Amino acid sequence: MNDILRSRWQVGLRAVLFAMLGTASLQAGAEPVKLYLHKERGMPVYTSLPPDNVEYTVVYPGSGAARPVLSLPPSEVAADKPAGTDPEALVGWAASCKGVSRQAMDERALQWQDLVTKHAQTHGVPAALVHAMIRVESCFDPRALSRVGARGLMQLMPRTAAQLGVTDSFDADQNIAGGVRYLSQLLTRFENDTPLAIAAYNAGPTAVDTYGGVPPFSETRKYVERVLAEYRGNKAAAKKPRS
């Protein structure tokens, strides 16, 4: 009897082991779940597809494995690059702002002064504030492209641009119109609290709501300080009598 029971136990054990090996084999052959983690205006975003022109991390949920990856820039950006140029040199803040003198910046600003005034008046937003935001966002470069995909003078994210009816963020008129409209919406939402509206433009209104004020993100706080400093300077300059 003991021999019979032992034989049945061995057969059962072999069956269990076979099933386990089969399951493991199927799991090994399956594609692991993969997500892409990047940041948009300081906030973490997970996507199922790799984002363009932004440093992201590939995450395998449950495994703890992650590795930093730098994706290739979008084709339209690559097409604009001169031959032999470092691809990273033409992307991001440095491409628009690095090495640009204050005089050159002022000359750039003059190009867009009429558009800024027109759209600021349309939406009831101070033109000096719009100038300040464009200065900080893009250094008045209409072809500016950030590493997270924000585009143009007021650095509109593609999703935000679409919601605002902007079809070409590199078109200065469309970009300023959309950016000023969005800023107007934020000022209304936050009851004309300028620092909160500026913070929401950078980090998103949900982040401002969540933290009940300017979010504790270093990037956002520095952004708010820079825009406010430019805004104060623009207002002071406007009050000076012209010679």
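A residue is called partly exposed when its relative accessible area lies between the buried class, under 20%, and the exposed class, over 50%. That definition will be needed at the last helix of this tour. The model in the viewer is predicted.

**The whole chain**

Begin with the entire chain in a cartoon representation. Its secondary structure comes to eleven helices and four strands. Of the 243 residues, 38% are buried. Among contacts between residues at least 6 apart in sequence, 43% join residues at least 24 apart.

**Helix H8**

Select residues 172-189, which form helix H8. This helix has 18 residues and reaches 25 Å from its first C-alpha to its last, close to the 26 Å expected at 1.5 Å a residue.

Next, display the side chains of H8. The buried residues are Ala 172, Asn 175, Ile 176, Gly 178, Gly 179, Val 180, Tyr 182, Leu 183, Ser 184, Leu 186 and Leu 187. As a guide to reading such a pattern, an α-helix has 3.6 residues a turn, so residues three or four places apart point the same way.

Which helices do the buried residues of H8 pack against? They pack against H5 (113-123), H6, H7 (158-163), H9 (194-203) and H10 (205-211). The following stops take H6 and H5 in turn.

**H6 against H8**

Add residues 127-138, helix H6, to the selection. Two packed helices are described by the angle between their axes and the distance between the axes. The axes of H6 and H8 come within 11 Å and cross at roughly 115 degrees. H6 is therefore roughly perpendicular to H8. The crossing of H6 past H8 is right-handed.

To view the contact itself, show Leu 129, Val 130, Met 133 and Ile 134 from H6, which meet Ile 176, Val 180 and Leu 183 from H8. This contact of H6 with H8 has seven nonpolar residues, with no polar and no charged ones.

**H5 against H8**

Keep H8 on display and exchange H6 for H5, residues 113-123. The axes of H5 and H8 come within 9 Å and cross at roughly 35 degrees. This crossing, too, is right-handed. On the H5 side the contact is made by Leu 115, Val 116, Lys 118, His 119, Ala 120 and His 123, and on the H8 side by Ala 172, Asp 173, Ile 176, Ala 177, Val 180, Arg 181 and Ser 184. By class, the contact of H5 with H8 has seven nonpolar, three polar and three charged residues.

Within this contact, centre the view on His 119, which lies in helix H5. Is His 119 buried or exposed? With a relative accessibility of 9%, His 119 counts as buried. Leaving aside residues up to four places away in sequence, His 119 touches Asp 173, Ile 176, Ala 177 and Val 180.

**Two loops with positive phi**

Most residues other than glycine have a negative phi. The next selections depart from that pattern.

Move to Phe 140, in the loop between H6 and H7. Phe 140 is not a glycine, yet its phi is positive, at about 60 degrees. Phe 140 has 5% relative accessibility and so counts as buried.

Then go to the stretch following H8. Just after this helix, Glu 191 takes a positive phi of about 55 degrees. Asn 192, in the loop between H8 and H9, also has a positive phi, near 60 degrees. At 61% relative accessibility, Asn 192 counts as exposed.

**H9 against H11**

For the last stop, select H9, residues 194-203, together with H11, residues 218-239. The axes of H9 and H11 come within 9 Å and cross at roughly 130 degrees. H9 is therefore oblique to H11. The two helices form a right-handed crossing.

From H9, show Thr 194, Pro 195, Ile 198, Ala 199, Tyr 201, Asn 202 and Ala 203; these meet Glu 219, Thr 220, Tyr 223, Val 224, Val 227, Leu 228 and Tyr 231 of H11. The residues of the contact of H9 with H11 divide into ten nonpolar, three polar and one charged.

Finish on Arg 221, in helix H11. How is Arg 221 classed by its relative accessible area? The value is 44%, so Arg 221 is partly exposed, by the definition that opened the tour. Draw a distance from its C-alpha to that of Ala 199: the two residues are 22 apart along the chain, and these atoms are separated by 7.4 Å. Not counting residues up to four places away in sequence, Arg 221 touches Val 214, Pro 215 and Pro 216.

Definitions and conventions: Residues numbered from 1 in each chain as written. Predicted model: local features only at pLDDT ≥ 70, side-chain atom pairs only at ≥ 80, totals over all residues. Heavy atoms only, no water. Axes fitted to C-alpha atoms, helices over the stretch in contact; angles between N-to-C directions. Parallel < 35°, antiparallel > 145°, perpendicular 65-115°, else oblique. Left-handed = near helix turned anticlockwise from the far one by under 90°. Contact = heavy atoms within 4.5 Å. Nonpolar A, V, L, I, M, F, W, Y, C, P; charged D, E, K, R; others polar. Expected span 1.5 Å × (residues − 1). Buried < 20%, exposed > 50% of the residue type's maximum accessible area, 1.4 Å probe, protein only.
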